[in-house]
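Open the model in your viewer and keep the sequence panel beside it. This tour goes from the whole chain to single residues, with a selection to make at each stop.

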Amino acid sequence: MLAERELGAGAAVGVLGYRIAMLVVGSAAFGHLLFGDVRLAVTASLLIGAFPGVFAGALLSSRANPKVVKPALFAVLTASGLKLVQVF
């Protein structure tokens with residue numbers, strides 16, 4: 001956590017995004033493990049895919065204009081949430 005204080009805002013967002021991605025995939029795998037339905041191939045592919053996705057997103061968001069990044073992030077998260085509750 002102390003390392004993020006020395007980073008710029010974009011890089012800190014990337015590091016935080018990486019940690020959140022690993023936490024979500026890890027906790028989902030643990031939940032499936034508790035119920036006996038874990039698929040290691042799926043978990044591994046999600047973790048492997050998270051690395052380049054988070055690094056590319058952090059690189060792009062640190063170099064892009066915040067006036068573009070914030071609405072884009074809002075749109076993606078809103079669409080994901082609406083899809084999650086099956087609005088569309």
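**The whole chain**

Begin with the full protein chain selected: of its 88 residues, buried ones make up 14%. What you have on screen is a predicted model, and its mean pLDDT is 78, with 81% of the residues reaching 70 or more. If you now show the surface, you are looking at about 7,000 Å² of exposed area, of which carbon and sulfur atoms supply 75%.

Next, switch to a cartoon view and follow the chain from the N terminus, where the elements run α-α-α-α, which gives four helices and zero strands.

**Confidence along the chain**

Colour the cartoon by pLDDT and select residues 2-6, which form helix α1. Among the elements of the chain, α1 has the lowest mean pLDDT, at 52, while α4 has the highest, at 88.

**Helix α3**

Now select residues 40-63, which are helix α3. How far apart are its end C-alpha atoms? They are 35 Å apart, and this agrees with the expected span because 24 residues at 1.5 Å a residue should cover 34 Å.

Look along α3 for A50, where the helix bends by about 25 degrees, and then for P52, a proline that follows within four residues. Stay with A50 for a moment, since this residue is also buried, as are T43, V54 and A58 in α3. An α-helix has 3.6 residues a turn, so residues three or four places apart point the same way.

**Helix α4 and the segment after it**

Move on to residues 66-84, which make up helix α4. This helix has 19 residues and reaches 26 Å from its first C-alpha to its last, close to the 27 Å expected at 1.5 Å a residue.

Select L84, which belongs to α4. Is L84 buried or exposed? L84 counts as exposed because its relative accessibility is 71%, and exposed means over 50%.

Then step to Q86, which lies in the segment after α4. Q86 is exposed too, with a relative accessible area of 69%. Check its backbone as well, for the phi of Q86 is positive, near 60 degrees, although the residue is not a glycine. Most residues other than glycine have a negative phi.

**Last stop: a surface patch**

Finally, select L82, L84, V85, V87 and F88 together and show their surface. These residues form a nonpolar patch, and together they have about 530 Å² of accessible area.

Technical notes
Residues are numbered from 1 along each chain as its sequence is written. This is a predicted model: local features need pLDDT of at least 70, side-chain atom pairs count only at pLDDT 80 or more; totals for chains, interfaces and linings use all residues. Side-chain values use heavy atoms; hydrogens and water are left out. Patches are made of residues with over 30% relative accessible area and no salt bridge: like charges are joined within 9 Å, nonpolar side chains (Val, Leu, Ile, Met, Phe, Trp, Tyr) within 5 Å. Accessible areas come from the Shrake-Rupley method with a 1.4 Å probe; for residues, only the protein chains shown count as cover. A salt bridge is a side-chain nitrogen of Lys or Arg within 4 Å of a carboxyl oxygen of Asp or Glu. Helices (H or I, at least four residues) and strands (E, at least two) are DSSP runs, numbered from the N terminus. Buried means under 20% relative accessible area, exposed over 50%, partly exposed in between (1.4 Å probe, protein chains only). The expected span of a helix is 1.5 Å times one less than its number of residues. pLDDT is the predictor's confidence in each residue, from 0 to 100. The bend at a residue is the angle between axes fitted to the seven residues ending there and the seven starting there.
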